[in-house]
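Me: Please take a close look at one part of this model, its salt bridges, and walk me through the pairs with care.

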Amino acid sequence: MEIKYLKREAIEDKKWNGCVHFALNSLPYGYTWYLDNVAETWDGLVLGDYRAVMPLPWNKKLKWKYIYTPIFAQQLGVFSLKPISQNLLKLFIDAIPEEFALVDQNINFMNPFLRSDFQRWEKTNLELSLQNDYESIRKNYSKNTLRNLKKAEKNQLRITNNVKPETLVSFFKTHIGQNLDFMRNADYHTLHRIIYQSMHYGMAGTYGVYSKENHLVATAYFIYGKSRMINLLPASNDYGKSIGAMTQLYDYIIRANCEKKFTLDFEGSMIPSIARYYKGFGAEAVKYWQIKRNQLPWYIKWFKQ
């Protein structure tokens, strides 16, 4: 079947979203409404009658167009109703129009990328299957995770859901965002839109942890996919960290969602200390790729470096 390059306005949202939803590698980052929020401009590649799709978020500097991975969209690439072979992925990559002189994108965990004309870097996501009962999952908690849980229980923390998006974003900005150089004010507006729209579609979990003095000490926002919940916006203040607030929140999420065909997707991390923390819940590493092909003129490459 033919792979077509379609401008955003030509994409049939219902068919595209149906493909992403029922794909073997379904991730909410691929829905049209999600891409509309995180990317100023994006087009797509479509196989046949939306049997497989590949989002192409793009931007432009000077006269050069490039494909990139938007913020809050960890993994894109090809989403397919059937297993993705190396040959199918090659056909999609080859169908990217030549006008995109630079391609630099994270492709998802089911995209088997092997090409010599691209650079590639292996990246790691941490995921926890929730199919087992709670006690079976808890047996794989690390000693440090169990210590943090005891600490949290002693401090009589209270967990609530349905926290307002404004509260989530403000708390994250204050306690995490101020240390992230890449975050712009526009990105916080993007977060508001993502959270509100995912709530509209019934795809959001918004949580807060309060101290016994009723002070907010940790927050989390999860976006739900077909078979996973993604840890998109975790944040703790210093006091929350000292009393294990986030550990108790994750334990609460695990307890509430165990024995389901569901995956808790911690969304990272490449930072060793954070990876260690998530592995403390029994999470396992799942690999995906960042791929890059730079066909910019030599003087632009030099300037970019």
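Me: To begin with one partner, is Arg255 buried, exposed or partly exposed?

Reply: Arg255 counts as partly exposed, at 45% relative accessibility, where buried means under 20% relative accessible area, exposed over 50%, and partly exposed in between (1.4 Å probe, protein chains only). This is a predicted model, in which local features need pLDDT of at least 70 and side-chain atom pairs count only at pLDDT 80 or more, while totals for chains, interfaces and linings use all residues. Residues are numbered from 1 along each chain as its sequence is written, and side-chain values use heavy atoms, with hydrogens and water left out.

The side chain of Arg255 meets that of Asp251 in a salt bridge (3.6 Å, N to O), a term for a side-chain nitrogen of Lys or Arg within 4 Å of a carboxyl oxygen of Asp or Glu. Both residues belong to helix H9 (residues 245-257), where they stand four residues apart, about one turn of the helix; helices (H or I, at least four residues) and strands (E, at least two) are DSSP runs, numbered from the N terminus. Asp251 is buried, with a relative accessible area of 5%.

Glu127 and Arg228 also form a salt bridge, at 3.1 Å from N to O. This pair links distant parts of the chain, with Glu127 in strand S7 (residues 119-129) and Arg228 in strand S11 (residues 228-231), 101 residues apart. Glu127 counts as buried at 12% relative accessibility, and Arg228 counts as buried at 6%.

In total, the structure holds 15 salt bridges.
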